[in-house]
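Q: Please take a close look at the salt bridges of this model and describe how they are placed. Follow them with the sheet.

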Amino acid sequence: MGSEEALLVLLVEDTLDTLEAFSHFLLRSGFRVETAVNGYEAVAKAQALRPDVVVMDLALPELDGWQATHQIKSDPVTSTIPVIACTGHAFQQSKESARQAGCDAFLTKPLDPTLLVAEIRRVVERSRQTTAIARGAPQYELLLYVSPGSAPSLAARRILEELLGEFEASEVHLEVREVSPDLSKVEADRIGFTPTLLVKRGGADPERITGDLADPDHVGRRLREAGVPKRRPRS
């Protein structure tokens, strides 16, 4: 089977006849299927099984589909799993509520089985593309602030460029910024003096690398302490 045929679908539906009918259809379409009959079970199975997609009935007992989706999307373990909302209400307000809860798509009952299959494949492919883009972006930014023509700044830049060969190129990006009157006040206040080296991971606040930036051993050690990943061996 191809990777698409092996997708794991968590089907959440409290009407047993509907649950059984769509389970059989999805199985015949080449998917693997797990089921849940209420919101609590849906959240627990999403955490335990990490399905490729959740097909979520919104009108569920105990914990409804909006709340269950919100819990799935709020948990870092399951937040990237796409959720397709299914409801008998075609009103725009229902769609907007589903979107705010974190649903990635919205289908109105009675479901067209062929449309459901197409929507599953669409949202999973979109999710995979989004994940691939996120993984391809550098996770660490090195921001080196320099003064034009300054010997210490030139030395720090040369040392950093040489050190980058020790770290994972796909996850680390070096940007050299010249200090000038055009810098924002926030940046200017953050620098204070040059050369200044900041390490920024994802959306976190930048961390200043203190000490002698002209000492390659010191700079390399401080970068490793900050979590910047070393280059992985190539097979």
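A: Arg222 is buried in this predicted model, with a relative accessible area of 15%. The side chain of Arg222 meets that of Glu225 in a salt bridge, at 3.2 Å from N to O. Glu225, by contrast, counts as exposed, at 56% relative accessibility. Both residues belong to helix H8 (residues 216–225), and because they are three residues apart there, about one helical turn separates them.

Salt bridges also connect Glu13, Asp57 and Lys109, which are joined into one network through shared partners.

A further pair lies in helix H5 (residues 113–136): Glu119 and Arg122 are three residues apart, so about one helical turn separates them. Their salt bridge has its closest N and O atoms 2.7 Å apart. Glu119 is buried, with a relative accessible area of 12%, while Arg122 is partly exposed, at 37%.

The structure holds ten salt bridges. One of them brings together the side chains of Lys73 and Asp104, at 2.9 Å from N to O. Lys73 lies in helix H3 (residues 65–74) and Asp104 in the loop between helix H4 (92–101) and E5, so this pair ties together parts that are 31 residues apart in sequence. Asp104 is partly exposed, its relative accessible area being 28%.

The loop that holds Asp104 leads to the sheet, since it lies between helix H4 and E5. Five strands make up this open sheet, in the order E2-E1-E3-E4-E5, with parallel pairing. Its edges are strand E2 (32–36) and strand E5 (105–108), each of which pairs on one side only. From one strand to the next, the twist averages 20°.

At the E5 edge, strand E4 (residues 83–87) runs parallel to E5 and is joined to it by four bridges. Among the residues involved, Cys86 has Leu107 in E5 as its bridge partner.

Two helices pack on the sheet. Helix H1 (residues 16–28) touches strand E1 (8–12) and E2, and the direction of H1 makes about 165° with that of E2. Helix H2 (residues 39–49) touches E1, E2 and strand E3 (53–57); the direction of H2 makes about 145° with that of E2.

Technical notes:
Residues numbered from 1 in each chain as written. Predicted model: local features only at pLDDT ≥ 70, side-chain atom pairs only at ≥ 80, totals over all residues. Heavy atoms only, no water. Pairing = 2+ DSSP bridges. Axes fitted to C-alpha atoms, helices over the stretch in contact; angles between N-to-C directions. Contact = heavy atoms within 4.5 Å. Salt bridge = Lys/Arg side-chain N within 4 Å of Asp/Glu carboxyl O. Buried < 20%, exposed > 50% of the residue type's maximum accessible area, 1.4 Å probe, protein only.
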